[in-house]
Amino acid sequence: MTVYKRRIYNNGQIAVPKKLQKQLNFNAGDLLFIYILDKSIIIKANHDNKDLNQCYLSGNRISIPKEIRNILGITSDTPLIMGITDDKNGIFIENEI
C-alpha cells in the first residue's frame, strides 16, 4: 500500500495527491463525506449517513473541519500519512506517529 506524508495547512486544508484522486475517481468539485473512524479521518464520495460532515475537493485540496482537527489534536505541525482505505473506496488520514 502506498502512503503519502502530508501536513495540514494553517487554514485546515490538505493536499490530496493526483494519483489518489485518479484511483478513487475523485474530481474537482465533488462533494465528499468526511468523518472519524478510530483515530483516522476517512473521506469518501458516497456514504449512507448523509448527516456526516461534507467537503468539496477544490483543485487538489480538501478542507478538514475544525471540530475533526480538534478532536484528533491535528495542527499544521502534525505529521500525517494519507492513503487509500482497505475497502478501496476512500482516503484515510492519520497521525504518522
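I count two strands as paired if DSSP finds at least two bridges between them. The model I am reading is a predicted one.

**Entry 1: the sheet**

I started with β3, residues 31-37, and looked for its bridges to β5. There are four, and the two strands pair in the antiparallel sense. Within this pair I found F33 opposite Q54 of β5.

I then traced the whole sheet. It is open and has six strands, in the order β1-β7-β8-β4-β3-β5, with antiparallel pairing. Which strands stand at the edges? They are β1 (4-6) and β5 (53-56); each has a single partner strand, so one side of each is left without a neighbour in the sheet. I also looked up the turn between neighbouring strands of this sheet, which is 30° on average, direction ignored.

**Entry 2: around β8**

Next I took β8, residues 90-95, and went through its two partners. Strand β7 (residues 80-84) is joined to β8 by five bridges, and the two run antiparallel. β4 and β8 also run antiparallel, joined by four bridges.

Which residue of β8 stands opposite I84? I84 faces I91. On the β4 side, I43 stands opposite I91. I noted I91 twice for this reason: I84 is opposite I91, and I43 is opposite I91 as well.

I followed the chain through the hairpin of β7 and β8 and found five residues between the strands. One of the residues I checked there is K88, which takes a positive phi near 65°.

**Entry 3: the largest pocket**

I looked for open space next. How much space lies in the largest pocket? The value is about 170 Å³.

I listed the lining of this pocket: L37, D38, S40, I42, K44, T85, D86, D87, F92 and E94. By class I have three nonpolar, two polar and five charged residues. I then sorted the lining by strand. β4 (40-44) and β8 (90-95) each supply at least two residues. The largest share comes from β4, with three residues. The two strands that I had found joined by four bridges thus turn up again in the pocket lining.

**Entry 4: rings**

Last, I looked at the aromatic rings. How many aromatic pairs does a search of the whole structure find? It finds zero. I did find a charge over a ring: the charged end of R61 sits over the ring of Y9, 4.0 Å from the ring's centre.

Note on methods
Residues numbered from 1 in each chain as written. Predicted model: local features only at pLDDT ≥ 70, side-chain atom pairs only at ≥ 80, totals over all residues. Heavy atoms only, no water. 1 Å grid on protein atoms, 1.4 Å probe; cavity = no way out; pocket = protein on both sides within 12 Å on 5 of 7 lines; lining within 4 Å. Points joined across faces, edges and corners; volume = space filled by probe spheres on them. Nonpolar A, V, L, I, M, F, W, Y, C, P; charged D, E, K, R; others polar. Axes fitted to C-alpha atoms, helices over the stretch in contact; angles between N-to-C directions. Phe/Tyr/Trp six-rings, centres within 6.5 Å; stacked < 30°, edge-to-face > 60°. Lys NZ or Arg CZ within 6 Å of the ring centre and 35° of its normal.
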